[in-house]
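Here's a quick briefing for anyone meeting this structure for the first time. Have a look at it, then read on.

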Amino acid sequence: KLPTCAEHDLENYSMYCVSCRSPVCYQCLEEGKHGKHDVKALGAMWKQHKAQLSQALNGVSDKAKEAKEFLVQLKNLLQQIQENGLDYEACLVAQCDALVDALTRQKAKLLTKVTKEREHKLKVVWDQINHCTLKLRQSTGLMEYCLEVIKENDPSGFLQISDALIKRVQVSQEQWVKGALEPKVSAEFDLTLDSEPLLQSIHQLDFIQMKFPVTVPPVPLLQLEKCCTRNNSVTLAWRMPPLSHNPVEGYILELDDGDGGQFREVYVGKETLCTIDGLHFNSTYNARVKAFNSSGVGPYSKTVILQTSDVAWFTFDPSSAHRDIVLSNDNQTATCNSYDDRVVLGTAAFSKGVHYWELHVDRYDNHPDPAFGIARINVVKDMMLGKDDKAWAMYVDNNRSWFMHCNSHTNRTEGGVSKGATVGVLLDLNKHNLTFYINGQQQGPPAFENVEGVFMPALSLNRNVQVSLLQFS
């Protein structure tokens with residue numbers, strides 16, 4: 001029911017008073033206070049105000065998007081601050097430990113000097129003691145002998161030896177020259193350690209804020225604990241080393257061909273986490289990364305080696321499926337809430353090699369047309385698989401099957417599906433073709449030729465069908 005005028009119950013709103021900013025009816029213009037106001041058609045003003053509101057909402061939406069991105073940036077900043085804080089703490093501890101180690105080594109050197117000086121002084125004193133003891137023993141013996149000779153009462157006998165004794169006593173006396181009875185060294189150590197400059201330096205030890213000249217970034221550090229493989233996809237993560245003062249504008253990630261060939265660029269950007277899909281199965285890939293800024297490109301990181309899975313394995317992908325798709329059984333079974341066809345993709349991406357997978361029809365009611373095949377990641381998901389140019393498919397009913405791409409139907413083949421049937425998909429990217437099977441029987445020749453690129457396993461179905469992944473090879 002259309003709203004009626006508040007002042008005229010029998011009249012609907014038909015105009016809009018610009019002056020009063022309110023809707024009005026015909027009688028309000030004829031009889032009421034709005035007669036001389038600026039009025040416009042209600043529908044025109046409705047559309048104008050809706051456009052203005054939509055425009056304003058777009059502005060708010062853009063700001064909200066920017067705010068969300070800013071929040072992500074702030075959360076990343078929190079993590080970076082946490083990581084950098086830990087790195088700086090570890091660096092500070094290492095630097096202080098290095099200073100302590102250097103001081104300990106210098107202390108050992110100084111103690112060695114003190115020990116050598118003490119040993120030298122002790123040796124000099126012991127040499128003096130030994131020398132003085134020997135001379136004292138000789139002088140004492142000579143004195144005792146002379147005293148015995150002096151007691152001799154025979155003048156002639158005394159005179160026969162007196163000259164020689166006098167010379168010996170004189171020589172003995174001359175041995176005690178000036179300084180002979182003085183210590184050659186003092187007990188004091190002429191070593192004074194001047195530690196004041198070092199103490200001042202320790203007290204002044206602090207962080208300095210300085211601007212470094214911009215040069216090429218250092219070597220990125222691959223975070224091996226975050227690098228992994230899943231099917232034929234590899235994920236690599238890296239970060240810059242701590243205390244890196246040079247700005248980084250982006251990174252270049254390179255990967256070889258999985259067979260020891262040349263490296264090629266697979267990613268250029270600011271992110272420090274990258275996943276590369278569509279690689280060879282059962283292959284060993286080498287990866288490396290380097291950073292760049294306005295000054296140039298820095299050196300490569302160490303090379304990390306990653307091994308892809310031996311055999312393709314995937315499930316249906318809930319993140320890229322249409323919202324009407326219902327997944328169960330650990331995302332290996334799919335059905336739909338809608339009577340219209342909806343698309344779901346697999347979690348693996350293929351660009352090379354030969355791949356085969358089978359799907360089991362768990363439920364088949366009212367003769368629907370499920371479609372099986374491959375698609376690019378940006379396939380349209382609200383219609384049957386193969387109706388756009390991003391998918392290559394076989395759709396099938398209970399009697400026949402058709403190949404479809406770009407909404408073009410080709411190669412009608414007898415043989416349909418029912419409950420319990422199996423549908424096989426063979427993607428040969430060496431020969432660049434696609435072949436389909438129903439219950440083990442090939443449906444016509446290879447469905448499509450010249451199939452090149454990166455493809456995901458794909459399926460479209462409605463609520464009358466339920467399909468489960470069966471096997472891979």
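A residue is called buried under 20% relative accessible area, exposed over 50%, and partly exposed in between, using a 1.4 Å probe and protein chains only. By that yardstick, Trp-357 is buried at 2% relative accessibility. Keep in mind that this is a predicted model, where local features need pLDDT of at least 70, side-chain atom pairs count only at pLDDT 80 or more, and totals for chains, interfaces and linings use all residues. Residues are numbered from 1 along each chain as its sequence is written, and side-chain values use heavy atoms, leaving out hydrogens and water.

**Aromatic rings**

- Rings of Phe, Tyr and Trp (its six-membered ring) pair if their centres lie within 6.5 Å; planes under 30 degrees apart are stacked, over 60 edge-to-face, and the rest tilted.
- Searching the whole structure turns up nine aromatic pairs.
- One of them joins Phe-314 and Trp-357 edge-to-face, at 5.8 Å centre to centre with 85° between the planes.
- Phe-314 lies in the loop between strand 12 (304-307) and strand 13 (325-328), and Trp-357 in strand 16 (residues 354-364), so this pair ties together parts 43 residues apart in sequence.
- Strands here are DSSP runs of E with at least two residues, helices are runs of H or I with at least four, and both are numbered from the N terminus.
- Like its partner, Phe-314 is buried, with a relative accessible area of 2%.
- Tyr-356 and Tyr-437 are also edge-to-face, because their ring centres are 6.1 Å apart and their planes sit at 75°.
- That pair links strand 16, home of Tyr-356, to Tyr-437 in strand 22 (residues 433-438), 81 residues apart.
- Both count as buried: Tyr-356 at 16% relative accessibility and Tyr-437 at 18%.
- Elsewhere, ring pairs bring Trp-238, Tyr-251 and Tyr-267 together in a cluster.

**Strand 22 and its neighbours**

- Strand 22 is mostly covered, with six of its six residues buried.
- Asn-433, Thr-435 and Tyr-437 are on one side, while Leu-434, Phe-436 and Ile-438 are on the other.
- Two strands pair if DSSP finds at least two bridges between them.
- Strand 21 (residues 422-428) runs antiparallel to strand 22, joined to it by six bridges, and Leu-427 stands opposite Leu-434.
- The hairpin of strands 21 and 22 has four residues between the strands, and His-432 takes a positive phi near 60° there.
- On to strand 23 (residues 441-442): two bridges join it, antiparallel, to strand 22.
- Tyr-437, the ring partner of Tyr-356, stands opposite Gln-442 in strand 23.
- Strands 22 and 23 form a hairpin with two residues between them, and Asn-439 in the turn has a positive phi of about 50°.

**Charges**

- Side chains of opposite charge can pair when their charged atoms come close.
- A salt bridge needs a side-chain nitrogen of Lys or Arg within 4 Å of a carboxyl oxygen of Asp or Glu, and the whole structure has ten.
- Among them is Arg-342 with Asp-340, whose closest N and O atoms are 3.9 Å apart; Arg-342 is buried at 12% relative accessibility, whereas Asp-340 is partly exposed at 46%.
- Asp-389 and Lys-390 make another, at 2.9 Å between the closest N and O atoms.
- Salt bridges with shared partners join Glu-254, Arg-288 and Lys-290 into one network.
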